[in-house]
Each structure stands twice: as structure tokens, then as C-alpha cells.
Amino acid sequence: QATKDAGKIAGLDVKRIINEPTAAALAYGFNKKKNEKIAVSDFGGGTFDISVLEVGDDVIEVRSTDGDAHLGGKDIDQKIMNWLAAEFKKESGIDVLTDPLARQRLDEGAEKAKIELSSALETEINIPFITSGASGPQHLLIKMSRAKLEELCAEFVDRAMMITKRAMEASPFQIGDLNEVILVGGQTRMPALQKAVETYFGGKPNMSVNPDEAVA
């Protein structure tokens, strides 16, 4: 109801609320097709969801759905942040995680590095004046490779794929029955996740619609 009220306040004529997988299917134009079977994998900042849909004659039916409300991009950011803090402590002997302001800057640096490593093989996290020590101001300058990122976030990719497998097993379809696999949510830009999805489903996922806007 709160979503409907927000729409009305924004001046919209709210007819009904649809779930995110259905919104993604509409964004990709699947409502114009007949007898399509698709999987929608939504890996966002805070949650992960996977749904298997059957589309036909302007009807989109959810045949199975699964997810984890505590699995998202923020978990990966936290993992990177902890690694950066540990590396910095090795060099300086200072634990920056005890400083709220330093933590915030480290969190921002971690997210920026994660985003850059979706397209680059290596990045540099540079946070000047992150803290002060006995010798004066301290600067954080650490290089991070995509391989290191993939090592750190492997557990999250594995969890997402375990949930994906569970959703497929709960649906009435086999992997070979699917016409398309759609990835939505900003975290699906991560190459490691795309590769895991491609390996499981046996084909490249569809990301032709901006993953941040597909369910907007």
C-alpha cells in the first residue's frame, strides 16, 4: 500500500503493483512473445532473488522463486573493506575500522574499486589522510586485482548459484527448456557472477537492458 500511496503522491495513476521479476520481463518485452520460459536473476545492493517465469498471451506467470534477503552488493563491499583495513594495518599498525569517518571513506573506496574491477583487471584504492599515527597523517594506497576481488567474493557468488539451482529444481522446467536468462541489479555487472550464470545455464545471460533500471 505504501508503494501505491507513493505513486499517487508523485502524481501517477496507480493501477496495480507488479513484482520485480515480472517488471524485468516487461522491460525486456517478453509480454509480446508467446510460450517463453525465462529465468530472472536479480542481484542488487541488499538482496538476491531468482525467479523462473512462463510467458504467453500477455500473461506472465511465476513458476518458482527463491532468494536471500541478506545477500547483496553491500556484503561484497564489506568484504573488500575488511581486506583493505587488514592490508593497511599490516603496513601502518593502525586499525582504521575503529574510526567511524575512516570506515565510511573505506566503504566508499571499496565500492568504487568493486565497480572499476568490473571493467578493469586492476585498480588502485587511494584514500589520502585516512587517519593519523605517531608519525603524522597516514595515507592509504593499495592496489587490488580482479583476481583478488573474485577470491574475496567467491562465497557470495557460490551462495547466489546455490539459490539459483534451488529455484530451478523447484520449477517444472529443465535448464534446457529456458529461452532466456536475464540479469538485473547492479551487482550482476561483476564478471565472476556472469561467468557462473553462463556456466550453470550453458549460455550467455541477457543484459541488454540497463540492470539498474530494468525493474524501476
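**Close-ups of helix H4 and some salt bridges**

**View 1. A salt bridge on H4.** In this predicted model, Glu-116 and Lys-112 pair up through their side chains in a salt bridge, 2.9 Å from N to O. Both residues belong to helix H4 and sit 4 residues apart, about one turn of the helix. Glu-116 counts as partly exposed, with 27% relative accessibility, while Lys-112 is among the exposed residues on the face of H4 turned away from its buried side.

**View 2. H4 end to end, and its buried face.** Helix H4 runs over residues 100–116; at 1.5 Å a residue its 17 residues should span 24 Å, and the end C-alpha atoms are indeed 24 Å apart. Tucked away here are Ala-102, Leu-106, Gly-109, Ala-110, Ala-113 and Lys-114, the buried residues of H4. Down the helix axis they fall within an arc of 135°, so they line one face. Their cover includes helices H3 (73–92) and H5 (146–170), plus strands E4 (122–133) and E5 (136–145).

**View 3. Where H4 starts.** A side-chain oxygen of Asp-99 comes to within 3.0 Å of the backbone nitrogen of Leu-101. Leu-101 itself is exposed, as is Pro-100.

**View 4. A salt bridge on H3.** Asp-77 and Lys-74 form a salt bridge, with 3.8 Å between the closest N and O atoms. The two lie 3 residues apart in helix H3, about one turn. Asp-77 counts as buried at 1% relative accessibility, whereas Lys-74, at 47%, counts as partly exposed.

**View 5. An exposed pair.** Lys-15 and Asp-13 make another of the structure's 12 salt bridges. Their closest N and O atoms are 3.2 Å apart, and both residues are exposed.

Terms used:
Residues numbered from 1 in each chain as written. Predicted model: local features only at pLDDT ≥ 70, side-chain atom pairs only at ≥ 80, totals over all residues. Heavy atoms only, no water. Expected span 1.5 Å × (residues − 1). Buried < 20%, exposed > 50% of the residue type's maximum accessible area, 1.4 Å probe, protein only. Arc of directions from axis to C-beta. Contact = heavy atoms within 4.5 Å. Polar contact = N/O pair within 3.5 Å; in protein donor to acceptor, adjacent residues only side chain to side chain. Salt bridge = Lys/Arg side-chain N within 4 Å of Asp/Glu carboxyl O.
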